[in-house]
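Subject: The structure for you to look at

Hi,

Here is the structure I promised to pass on to you. Have a look at it first, then read on for my notes.

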Amino acid sequence: MIKIGSHVSMNGSDYLLGSVKEALSYNSNTFMIYTGAPQNTRRQSLDKLKIKEAHELMKQRNINPDDIVVHAPYIINLANKNPEKRQFAADFLTEEVKRTDAIGAKQIVLHPGAHVRQGVELGIKHIVEGLNKVIENTKDSDVSIALETMAGKGTEVGRTFEELKRIIDGVVHPERLTVCFDTCHTHDAGYKTKEDFDGVIEEFDRIIGKDRISVFHINDSKNIIGASKDRHENLGYGQIGFDALRYVVIHEDFTHIPKILETPHITKTDETKKRLYPPYKEEIEMFRSGIYNPKFRDNIRKQQQ
């Protein structure tokens, strides 16, 4: 059985329990959360997150806690040229790893960082230093930090497999690092994720080792290959296409790996109000059945009338 789910919210009074309920409403058997708003440091105390209740519901519905994926907030930049901001990033990531552990998840996805015109070499050096601090500060944890493959927007580090490899090789305890493979990002970075996924994985395996992939982000892309823009699109509405993405989802080498949808919510305008609806139930069903509905976004809008 494929492990397929989406990003879900952890807002509201139910917190993690609410995340599980939302994931189940999409017929998911895995899901991804932020432990708080990705743009700031405000976090609820762990005793309010309803962790026990969430785990009880997951057990009832056969969702393994190991398949919870946490995403680190966007404000963390281990490559920042400002030493104080790098220290803040390492300290905050340390706390996020501890929260991930407390929630019962086993991995936290991290954008490696942006070198902010210092150059890739110095950016990687700073990232390695930051990761070493975080791993040392959480040495009793078995949570993995999953470095995300990046599209190469701006000064992002991690556009190439070689850059990720250099980060992994520089860390004292590389066993704590894995990789999150994002289909939109690799496509936008210039890899032939659509035309030759097996060839891309062969290259990844040669450089890093495919056994280090611990989660996939499944997204179509608004952009042509190599655009370096990182703009996600709904299944089949972008440049990668449904068939190529389903090939990734059902690939026999990665059936045990969580696949997480981060595709855009569907926009519907009611008079003067713009409303957004999640597409995940429909997209997950299409992946499971193998039958693509090219008008599913229109159907979602009609269902909300």
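Let's start with a question: are α1 and α2 roughly parallel or roughly perpendicular to each other? Before the answer, please keep in mind that this is a predicted model.

**Two helix pairs**

Helix α1 covers residues 15-25. It packs with α2 at an angle of about 25°, and the two axes are 7 Å apart. Angles under 35 degrees count as roughly parallel, so α1 and α2 are roughly parallel to each other. If you want to see who does the touching, α1 brings Leu16, Leu17, Val20, Lys21 and Leu24 to the contact. From α2 come Ile51, Glu53, Ala54, Leu57 and Met58.

Now try α3 (residues 83-103) and α4 (residues 120-137). Their axes come within 9 Å and cross at roughly 40°. That angle makes α3 and α4 oblique to each other, and their crossing is right-handed. On the α3 side, the contact is made by Arg86, Gln87, Ala90, Leu93, Thr94, Val97 and Lys98. On the α4 side you'll find His126, Gly130, Leu131, Lys133, Val134 and Asn137.

While you're there, click on Glu95, which also sits in helix α3. Is Glu95 buried or partly exposed? With a relative accessibility of 40%, Glu95 counts as partly exposed. Its C-alpha atom is separated by 9.3 Å from that of Asn137, although the two residues are 42 apart along the chain.

**The barrel**

Next, the strands. How many of them close into a barrel? There are 8, and going round, the order is β1-β2-β3-β4-β5-β6-β7-β10, with parallel pairing. From one strand to the next, the twist averages 30°.

Two of the strand pairs are worth zooming in on. Strand β1 (residues 4-7) and strand β2 (residues 30-33) run parallel and are joined by 3 bridges. Look for Gly5 there: it stands opposite Thr30 in β2. β3 and β4 run parallel too, with 3 bridges joining them, and here Val70 stands opposite Ile108 in β4.

Strand β4 (residues 107-110) is a nice place to see side chains alternate. Gln107 and Val109 point one way, Ile108 and Leu110 point the other way, and all of them are buried.

Back in strand β1, find Ser6. How accessible is Ser6? Its relative accessibility is 0%, so Ser6 counts as buried. Leaving aside neighbours within four places in sequence, Ser6 is in contact with Tyr26, Ser28, Thr30, Phe31, Met32, Ile260, Leu261 and Tyr280. Thr30 may ring a bell, as this is the residue that Gly5 stands opposite.

**Salt bridges**

How many salt bridges does the structure hold? The count is 15, and I picked a few for you.

One of them pairs Lys3 with Asp67, with the closest N and O atoms 3.1 Å apart. This pair links distant parts of the chain, as Lys3 and Asp67 are 64 residues apart. Lys3 lies in the segment before β1, while Asp67 is in the loop between α2 (51-60) and β3 (68-71). Lys3 counts as partly exposed, at 21% relative accessibility, whereas Asp67, at 9%, counts as buried.

Glu136 and Lys139 form another salt bridge, and here the closest N and O atoms are 3.3 Å apart. Glu136 is partly exposed at 45% relative accessibility, and Lys139 is exposed, with a relative accessible area of 59%.

A further one brings together the side chains of Arg301 and Asp298, at 3.2 Å from N to O. What separates Arg301 and Asp298 in helix α10? About one helical turn, because they are 3 residues apart in that helix, which spans residues 296-303. Arg301 counts as partly exposed at 27% relative accessibility, and Asp298 is partly exposed too, with a relative accessible area of 37%.

There is also a small group to look up: Asp14, Lys21 and Lys50 are joined into one network by salt bridges that share partners. You have met Lys21 already, among the α1 residues that make the contact with α2.

Have fun turning it around!

Cheers

Definitions and conventions
Residues are numbered from 1 along each chain as its sequence is written. This is a predicted model: local features need pLDDT of at least 70, side-chain atom pairs count only at pLDDT 80 or more; totals for chains, interfaces and linings use all residues. Side-chain values use heavy atoms; hydrogens and water are left out. Two strands pair if DSSP finds at least two bridges between them. Helices (H or I, at least four residues) and strands (E, at least two) are DSSP runs, numbered from the N terminus. Axes are lines fitted to C-alpha atoms, for helices over the stretch in contact, and angles run from 0 to 180 degrees between N-to-C directions. A salt bridge is a side-chain nitrogen of Lys or Arg within 4 Å of a carboxyl oxygen of Asp or Glu. Buried means under 20% relative accessible area, exposed over 50%, partly exposed in between (1.4 Å probe, protein chains only). Angles under 35 degrees count as roughly parallel, over 145 as roughly antiparallel, 65 to 115 as roughly perpendicular and the rest as oblique. A crossing is left-handed if the near helix is turned anticlockwise from the far one by less than a right angle, and right-handed if clockwise. Contact means heavy atoms within 4.5 Å.
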